Amino acid sequence: MFSTLKSLRALSDPTRLRIVALLEKDELSVNELQEITRMGQSRISTHLGLLLDSGLVQARREGKRTFYKLNAQANGAAAEFIQLATRGAKELAEHGSDQINLKRILNRRREQAQVYFNQIAGRFDRVYGPGRSWQAFGHLLLRILPPLVVADLGSGEGLLSELLARRCKKVIAVDNSEKIVAFGVAKAKKNHLKNLEFRLGDLQNPPVEPESVDLVVLSQALHHAEEPARALASAYKMLKPGGQILILDLAKHNFQRARELYGDRWLGFAESDLHRWLEEAGFKKIEINVVAREEQPPHFETVLAGGQKGSTPS
């Protein structure tokens with residue numbers, strides 16, 4: 001039976017308003033709500049329990065997962081409460097990022113290949129098989145690469161650049177440390193990698209000609225940038241029409257010592273911020289996913305983000 005008092009209590013918390021607004025678009029699991037809101041499982045479950053008890057939300061089981069949605073039978077006062085909740089959620093500071101993350105989650109659902117990947121994720125490190133290693137997989141994937149021109153921004157000593165240079169047409173490694181660039185140049189010469197070029201430069205304004213590369217890579221580099229949005233805009237300019245950007249970086253975290261230990265300017269990034277910056281730079285076909293989670297504290301998560309420059313020349 002619908003209870004006005006229970007509904008008022010259920011909707012008195014901003015987090016529950018956020019959840020109601022998210023469930024307006026589609027049913028979602030606890031894990032999906034976690035990924036969208038960046039809140040813990042127990043906190044999400046507690047809020048869902050109160051919404052269920054108030055009769056504003058329904059649940060259904062599918063295998064081991066439970067999906068939640070707004071009560072389809074809600075009418076009268078209950079329907080009015082739901083409408084007020086969704087309107088109120090739009091006034092919250094988190095609403096914009098929630099909607100971006102929701103769109104990303106729903107798009108990912110539609111991609112069956114990604115669904116399959118999510119199902120098998122994590123098994124590789126737990127099940128031993130002779131000859132199975134990330135090193136071997138990496139070399140296999142390198143063979144698939146076409147002869148691209150690649151810019152590795154924030155390359156460090158060039159471990160990734162060196163691997164890419166063994167397959168790509170040309171690799172431009174950019175770093176802001178004179179010593180690291182000198183080390184990279186010497187190592188490339190020692191390994192006879194004539195197609196690997198190191199350049200001294202800044203992420204915000206890399207010394208790479210406009211529309212000259214097929215692929216831009218930022219591997220654990222963006223969190224060192226003073227202005228990440230500007231770095232992505234610069235990456236867009238150097239790409240040829242149809243070129244792509246790939247970013248590997250940390251998801252937003254609260255490990256403050258990273259600034260002292262690793263010189264990080266940013267404590268990772270929210271997926272919604274990466275999506276917004278890529279979109280503002282001009283990228284299309286943006287995809288962002290968490291691809292790794294460390295089991296040891298502080299439980300860093302790695303995000304893979306990608307986008308494509310339009311095929312029409314700028």
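**Reading a predicted model, term by term**

Modeller: Let's begin at Pro298, which sits in the loop between β9 and β10. Keep in mind as we go that this is a predicted model.

Colleague: Thanks! What joins Pro297 and Pro298?

Modeller: A cis peptide bond, with omega at about 5°.

Colleague: Let's move to the strands on either side of that loop. How do you know that β9 and β10 pair?

Modeller: Two strands count as paired if there are at least two bridges between them. β9 and β10 have seven, in the antiparallel sense, so by that rule they are a pair. One of the places to look is Ala292, whose bridge partner in β10 is Thr302.

Colleague: And which strand, besides β9, pairs with β10 over seven bridges?

Modeller: Strand β8 (residues 239–250), again in the antiparallel sense. There, Asp249 has Val303 of β10 as its bridge partner.

Colleague: Why is β10 described as largely enclosed?

Modeller: Strand β10 covers residues 301–308, and six of its eight residues are buried, so the rest of the structure largely encloses it.

Colleague: What is the order of the strands in the open sheet of seven?

Modeller: The order is β6-β5-β4-β7-β8-β10-β9, and the pairing is mixed. β6 (196–200) and β9 are called edge strands because each has a single partner, which leaves one side of each without a neighbour in the sheet. On average, neighbouring strands here are turned by 15° against each other, direction ignored.

Colleague: Where in this sheet can I see a parallel pair?

Modeller: Look at strand β4 (residues 149–153) and strand β7 (residues 213–219), which pair in the parallel sense over three bridges. Three is enough for the cut-off of at least two, so this counts as a pair too. Within it, Asp152 stands opposite Val217 in β7.

Colleague: Which helices lie across these strands?

Modeller: Among them are two you can find easily. Helix α10 (residues 178–190) lies across β5 (170–175) and β6, running at about 165° to β6. Helix α13 (residues 271–281) lies across β8, β9 and β10, at about 155° to β9. In helix α11 (residues 228–238), the buried residues include Pro228, Leu232 and Tyr236, and the buried residues of α11 pack against β4, β7, β8 and α13.

Colleague: Now a single residue. Why is Arg199 called buried?

Modeller: Its relative accessible area is 12%, and buried means under 20%, so Arg199 meets the definition. Arg199 lies in strand β6, and its contacts beyond four places away in sequence include Ile172, Val174, Val181 and Val208.

Colleague: What makes His192 exposed, then?

Modeller: His192 has a relative accessible area of 69%; the cut-off for exposed is over 50%, so the label fits. His192 belongs to the loop between α10 and β6. Its phi is near 60°, a positive value in a residue other than glycine.

Colleague: And Lys285: buried or exposed?

Modeller: Exposed, at 67% relative accessibility, since that value is over 50%. Lys285 is in strand β9, and its phi is positive as well, near 50°.

Colleague: Why is Val291 called partly exposed?

Modeller: Its relative accessible area is 36%, and that falls between the 20% and 50% cut-offs, so the middle label applies. Val291 is found in strand β9 (residues 284–293).

Colleague: Which residues make up the nonpolar surface patch?

Modeller: Leu246, Leu248, Val291 and Leu304 make it, with an area of about 270 Å². Patch residues need over 30% relative accessible area, so Val291 at 36% passes that test.

Colleague: What is the strand order in the open sheet of three strands?

Modeller: It is β1-β3-β2, with antiparallel pairing. β1 (28–29) and β2 (57–62) each have a single partner strand, so they stand at the edges with one side free of a neighbour in the sheet.

Colleague: How many bridges join β2 to β3?

Modeller: Six, with β3 covering residues 65–70 and the two running antiparallel. Ala59 stands opposite Tyr68 in β3. Helix α4 (residues 41–54) lies across β2 and β3, at about 115° to β2.

Colleague: One last label: why is helix α3 called largely enclosed?

Modeller: Six of the eight residues of α3 (residues 30–37) are buried, so the rest of the structure largely encloses it. Those residues are Val30, Glu32, Leu33, Glu35, Ile36 and Thr37. Arg38 follows α3, with a positive phi near 60°.

Key
Residues are numbered from 1 along each chain as its sequence is written. This is a predicted model: local features need pLDDT of at least 70, side-chain atom pairs count only at pLDDT 80 or more; totals for chains, interfaces and linings use all residues. Side-chain values use heavy atoms; hydrogens and water are left out. Helices (H or I, at least four residues) and strands (E, at least two) are DSSP runs, numbered from the N terminus. Contact means heavy atoms within 4.5 Å. Axes are lines fitted to C-alpha atoms, for helices over the stretch in contact, and angles run from 0 to 180 degrees between N-to-C directions. Patches are made of residues with over 30% relative accessible area and no salt bridge: like charges are joined within 9 Å, nonpolar side chains (Val, Leu, Ile, Met, Phe, Trp, Tyr) within 5 Å. Accessible areas come from the Shrake-Rupley method with a 1.4 Å probe; for residues, only the protein chains shown count as cover. A salt bridge is a side-chain nitrogen of Lys or Arg within 4 Å of a carboxyl oxygen of Asp or Glu. Buried means under 20% relative accessible area, exposed over 50%, partly exposed in between (1.4 Å probe, protein chains only).
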